[in-house]
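Let's take a walk through this fold, one helix contact at a time. Here it is.

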Amino acid sequence: MRVNHVGEVCAQALYTAQAATTRDPALRRQLLEAANEETDHLAWTRQRLDALDTHASWLNPFWYAGAFTLGLVAGRLGDPWSLGFVAETERQVEAHLDGHLDRLPPGDAASRAVVLQMKEDEARHAQWATDAGAAELPAPAKALMRLAARVMTTVAHRI
Ligand SMILES: [Fe+2]
Ligand SMILES: [Fe+2]
């Protein structure tokens, strides 16, 4: 759940940075709307961490700064690539949440409900970005994102 919480910290940062860089007001509105849903996710995962009596990642300021920089870079590449980055990120997050559902203790209904709802929302964000004209990222970029996500999940799991 700590990893999920970090993911939502990063989602906030990404969407905010991307909203700041686009020149399209309609796209900016939609990015901010998605960022708003990520705020809900952030609150739910935080509540689960508190209920499970554990801490959030100590590195959250670092995750936020890193993701914000990435969002600025994606935004500077132009809207189709920026949206392509959203679509691929959300698809990877959805796959991660799917895997997390399998590993959650069966008795932890509250965590399950949170992860399920987030998975649904992330799938919708991916679909929205695709519909809005996302460019398909090249395979090496996707692989690099998976690698970065693996580093993040491994580190955030511990600290
Ligand atoms: Fe989210
Ligand atoms: Fe999302």
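## Starting at alanine 43

Let's start with alanine 43, which sits in helix α2. This is a predicted model, so everything below is read off computed coordinates. Is alanine 43 buried, exposed or somewhere in between? It has 13 other C-beta atoms within 10 Å, so it counts as partly exposed; the cut-off for buried would be 20 or more.

Alanine 43 also has a partner from elsewhere in the chain. Glutamate 8 is 35 residues away in sequence, yet the two C-alpha atoms are 9.1 Å apart.

## The loop after α2

Helix α2 covers 25–51, and the loop between α2 and α3 holds aspartate 53. The backbone does something worth a look here: phi of aspartate 53 is near 60°, a positive value in a residue other than glycine. Aspartate 53 counts as exposed, because it has 6 C-beta neighbours inside 10 Å.

## Leucine 72 in α3

Next along is helix α3, residues 60–76, which is home to leucine 72. With 16 other C-beta atoms within 10 Å, leucine 72 is partly exposed.

What does leucine 72 touch, leaving out residues up to four places away in sequence? The answer is Ala17 and Thr21. Further along the chain, serine 82 is ten residues from leucine 72, and their C-alpha atoms are separated by 9.1 Å.

## How α4 packs on α5

Now for some helix pairs. Two packed helices are described by the angle between their axes and the distance between the axes. For α4 (residues 79–103) and α5 (residues 109–131), the axes come within 8 Å and cross at roughly 155°. An angle over 145 degrees counts as roughly antiparallel, so that is how α4 runs relative to α5. The crossing of this pair is left-handed.

On the α4 side, the contact residues include Leu83, Val86, Ala87, Leu97 and Leu101. Among those on the α5 side are Val115, Leu116, Met118, Ala126 and Ala129. Charged residues take part too, including Glu90 and Arg91 of α4 and Lys119 and Glu122 of α5. By class, the α4–α5 contact has twelve nonpolar, three polar and seven charged residues.

## Helix α6 and its neighbours

Helix α6 runs over residues 139–158. Its 20 residues reach 29 Å from first C-alpha to last, close to the 28 Å expected. How many of those 20 residues are buried? Just one, so α6 is hardly covered.

One neighbour of α6 is α4. Their axes come within 11 Å and cross at roughly 45°, which makes α4 and α6 oblique to each other. The crossing is right-handed. Here Glu88, Thr89 and Gln92 in α4 meet Lys142, Met145, Arg146 and Ala149 in α6. That contact divides into two nonpolar, two polar and three charged residues.

## Where α1 meets α6

Helix α1 (residues 2–21) also packs against α6, with axes that come within 8 Å and cross at roughly 125°. That angle makes α1 oblique to α6, and the crossing is right-handed. From α1 come Arg2, Val3 and Val6, which meet Met152, Thr153, Ala156 and His157 in α6. The contact of α1 with α6 has four nonpolar, two polar and one charged residues.

Note on methods. Residues numbered from 1 in each chain as written. Chains lettered and ligands numbered in written order. Predicted model: local features only at pLDDT ≥ 70, side-chain atom pairs only at ≥ 80, totals over all residues. Helix = DSSP H or I, 4+ residues; strand = E, 2+ residues; numbered from the N terminus. Expected span 1.5 Å × (residues − 1). Buried ≥ 20, exposed ≤ 12 C-beta atoms within 10 Å, placed from the backbone. Axes fitted to C-alpha atoms, helices over the stretch in contact; angles between N-to-C directions. Parallel < 35°, antiparallel > 145°, perpendicular 65-115°, else oblique. Left-handed = near helix turned anticlockwise from the far one by under 90°. Contact = placed C-beta atoms within 7 Å. Nonpolar A, V, L, I, M, F, W, Y, C, P; charged D, E, K, R; others polar.
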